[in-house]
Amino acid sequence: MRGTNTKKEIVKSSRGRKKSSTLWLKRQLKDEFTKKAKDEGLRCRACYKIQEIQDKYKFFSRGKKVIDLGAAPGGWSQVVIPYVGKGNVVGIDLLDIEPIEGLIFRQADFTDEQTQKWLSSQFGKVDIIMSDMAPNTSGMKSVDHIRIIALLEEVFEFAKINLKEGGTLIAKVFRGGAENELLTEMKKSFKKVEHFKPKSSRSDSVEIFLVASGFKGEK
Ligand code: SAM
């Protein structure tokens, strides 16, 4: 019957789809966190990653000002807004999102200078900057790794200007080794820099989060 496809039927009717994307879709449908997000009305499984970070570190609390980089489809903001309150989160993404109550959002490229100016103009210095951004993957691990490190470097530079003293930076990175130099630099600017791999992040994914807290302030 039209409009009542079961999950199995959706996968079966994927004629024309490449094998790799069919496997991806099957995995998505089976994935415990994807199902949970759907059942709980959350936008994506990524929600659980920031929730796990919050459960461990308790960074988000009422009145904290937050920047969400790579906010689409809005899962992280959806989790964070109830902690910090409406109007305290500003997000950007290359993609547009369905509006979220309490989120100030702009569709824009973070690497664009104008975007960074706009972000800075929203609250002045903020308590937390979180970045779940990942550049499009090329399929070549080394190239992808370099790209995400370049993006992370830019996020780090932005954080140094836009974080309040004592502030926190949470940023996605891919395991790969080349980030060591950047880690050393970050340790000069933050009291604590740790890696965190949430349970909700697929174990076969190279994704990991850098949690840098206690910003020492602009030098
Ligand atoms: N944290 C989000 C959530 O919970 O809904 C999921 C983020 S998704 C994994 C990564 C996002 O980063 C994508 O939507 C992508 O468009 C965005 N992105 C990648 N590069 C970007 C850039 N240069 N500027 C803005 N957004 C970017």
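Trainee: What makes up the area that the protein exposes?

Mentor: Carbon and sulfur atoms supply 52% of the roughly drawn outer face, which comes to about 12,300 Å². Accessible areas come from the Shrake-Rupley method with a 1.4 Å probe, and for residues only the protein chains shown count as cover. Keep in mind that this is a predicted model: local features need pLDDT of at least 70, side-chain atom pairs count only at pLDDT 80 or more, and totals for chains, interfaces and linings use all residues. Residues are numbered from 1 along each chain as its sequence is written, while side-chain values use heavy atoms and leave out hydrogens and water.

Trainee: Why is A134 called partly exposed?

Mentor: Buried means under 20% relative accessible area, exposed means over 50%, and partly exposed is in between (1.4 Å probe, protein chains only). A134 has 37%, so partly exposed is the right label.

Trainee: And what makes K58 exposed?

Mentor: K58 has a relative accessible area of 58%, so it passes the over 50% mark. K58 is found in the loop between α4 (47-57) and β1. Helices (H or I, at least four residues) and strands (E, at least two) are DSSP runs, numbered from the N terminus. The protein has 8 helices and 7 strands.

Trainee: What is unusual about the phi of K58?

Mentor: K58 is not a glycine, yet its phi is positive, about 55 degrees. Most residues other than glycine have a negative phi, and most peptide bonds are trans. There's a cis peptide bond here too: A72 and P73 are joined by one, with omega about 5 degrees. P73 sits in the loop between β1 (66-69) and α5.

Trainee: How do you know which residues A134 touches?

Mentor: Contact means heavy atoms within 4.5 Å. Not counting residues up to four places away in sequence, A134 touches I148, L151, K172 and F174. I148 is 14 residues along the chain from A134, and their C-alpha atoms are 6.2 Å apart. A134 itself lies in the loop between β4 (126-131) and α7 (141-162).

Trainee: Which residues surround the ligand, and how do you know?

Mentor: A residue counts as near if one of its heavy atoms lies within 4 Å of the molecule. Here 20 residues surround the ligand, and the closest are G75, D93, D109, F110 and D132.

Trainee: What makes the pair between D132 and the ligand a polar contact?

Mentor: A polar contact is a pair of N or O atoms within 3.5 Å; within protein, one must be able to donate a hydrogen and the other to accept it, and residues adjacent in sequence count only if both atoms are side-chain atoms. A polar side-chain atom of D132 lies 2.8 Å from a nitrogen atom of the ligand, so the pair fits. A backbone N or O atom of L94 lies 3.3 Å from a ligand nitrogen, and one of A71 lies 3.4 Å from a ligand oxygen. The protein covers 85% of the 600 Å² of accessible area that the ligand has on its own.

Trainee: What makes a nonpolar core, and which members touch the most others?

Mentor: A nonpolar core is a set of buried Ala, Val, Leu, Ile, Met, Phe, Trp, Tyr and Cys residues joined through side-chain atoms within 4.5 Å. The largest has 30 residues, with L69, F110, L119, I129 and L169 touching the most other members. Its largest share, 7 residues, comes from α7. A second, separate core of 24 residues includes I53, F59, I170 and V211.
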